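Here is a short tour of a single protein chain, written for someone who likes to keep the structure open while reading. Take a look at the sequence and the fold, and then let's walk through them together.

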Amino acid sequence: MENKPQLVLDLAGVLITNLSKSFWQALASHAGTTFPVLIEQLSGIRGDLWTGKLKEEQFWNWLQAQYPSVEKIYAYDLLKRTTETLPAIDYLERWSQHADIHLLSNHCHEWVEPTLLTIQKHTKSITISNQVGFCKPNREIYELVQSHMGLNTRILYVDDQMKNLKPAADLGWETLLADEHHHWIEKVDHILTVQV
């Protein structure tokens, strides 16, 4: 008997909105700075935040040191208000009947935990970068996800950033770019429910 297909999904840009421009714009406005200035400052620490070298609490301390008016409770409320689910989230239950689903995301676990609590029952594994010390497109994080799978199984990976697909392809995974119009959903649905 052939192993169940493995479906690896990114979170932001695939199942939920990315840390949206509206979040950072509103935060910048609240902080009394501009969006470009805030994004420039964040670019210097993003890698450390995504790999967990900079803990989530340390991030808020850093942000508050730059902008004393930004309180964590306000930022969390803003994050909640600007994070929306995308259409694919409604397919997880269906897809989980045909494949093992794995989530792979560059994110702070604390920021996506509310979403994870609602969808984890449909998943076999969840890998969030700040919990494992690696972030995409580092090969190590893909290998970590693959360690949750059996050998000789079909792996399909969906991400909304092309640069994150290459390491997966190098490992022999099939890859699919999540387009902003969500046409990729039909392709995955067809692969899992018709082609098998």
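The chain holds 11 helices and 5 strands. Its radius of gyration is 18 Å, close to the 16 Å that the globule rule gives for 196 residues, so the chain is as compact as a globular protein of that length. Please keep in mind that this is a predicted model.

**The chain as a whole**

- Along its principal axes, the C-alpha trace spans about 60 × 30 × 25 Å.
- Of the 196 residues, 46% count as buried.
- Among contacts with a separation of 6 or more, 65% come from residues 24 or more positions apart.
- The chain exposes about 10100 Å², and carbon and sulfur atoms supply 51% of that area.
- There are 17 positive and 24 negative charges, and the mean positions of the two groups are 2 Å apart.

**Helix α1 and its two sides**

- Helix α1 runs over residues 21-31, and its buried residues are F23, W24, L27, A28 and A31.
- Viewed down the axis of α1, these buried residues fall within an arc of 125°, so they line one face of the helix.
- What covers that buried side? The cover for the buried residues of α1 includes α2 (35-43), α4 (56-66) and α5 (72-82).
- Turn to the face of α1 that points away from the buried side, and you will find the exposed residues K21 and S29.
- After α1 comes G32, which has a positive phi near 85°.

**Helix α10 and its two sides**

- Helix α10 covers residues 162-170, with N164, L165, P167 and A168 as its buried residues.
- Seen down the axis of α10, the buried residues lie within an arc of 160°, so here too they line one face of the helix.
- The cover over the buried residues of α10 includes a helix, α9 (139-146), along with the strands β4 (155-159) and β5 (174-177).
- Which residues are exposed on the other side of α10? They are M162, K163 and K166.
- Just after α10, G172 takes a positive phi of about 95°.

**Backbone spots worth a look in the loops**

- The peptide bond from K136 to P137 is cis, and its omega is near 10°.
- P137 itself sits in the loop between α8 (129-132) and α9.
- N152 is not a glycine, yet its phi is positive, near 50°.
- You can find N152 in the loop between α9 and β4.
- Is N152 buried or exposed? N152 is exposed, with a relative accessible area of 77%.
- H182 is another non-glycine residue with a positive phi, in this case about 70°.
- The loop that holds H182 lies between β5 and α11 (184-193).
- H182 is partly exposed, since its relative accessible area is 22% and the buried class is kept for values under 20%.

**To take away**

- Both helices described here have their buried residues along one face: within 125° for α1 and within 160° for α10.
- A glycine with positive phi follows each of them, namely G32 after α1 and G172 after α10.
- For the loops, the places to revisit are the cis bond from K136 to P137 and the positive phi values of N152 and H182.

Note on methods
Residues are numbered from 1 along each chain as its sequence is written. This is a predicted model: local features need pLDDT of at least 70, side-chain atom pairs count only at pLDDT 80 or more; totals for chains, interfaces and linings use all residues. Side-chain values use heavy atoms; hydrogens and water are left out. Buried means under 20% relative accessible area, exposed over 50%, partly exposed in between (1.4 Å probe, protein chains only). Helices (H or I, at least four residues) and strands (E, at least two) are DSSP runs, numbered from the N terminus. The arc is that of the directions from the helix axis to the C-beta atoms. Contact means heavy atoms within 4.5 Å. The radius of gyration is taken over C-alpha atoms; the globule rule is 2.2 Å times the number of residues to the power 0.38. Accessible areas come from the Shrake-Rupley method with a 1.4 Å probe; for residues, only the protein chains shown count as cover. Lys and Arg count as positive and Asp and Glu as negative; His and the chain ends are not counted. The place of a charge is taken as NZ of Lys, CZ of Arg, CG of Asp or CD of Glu.
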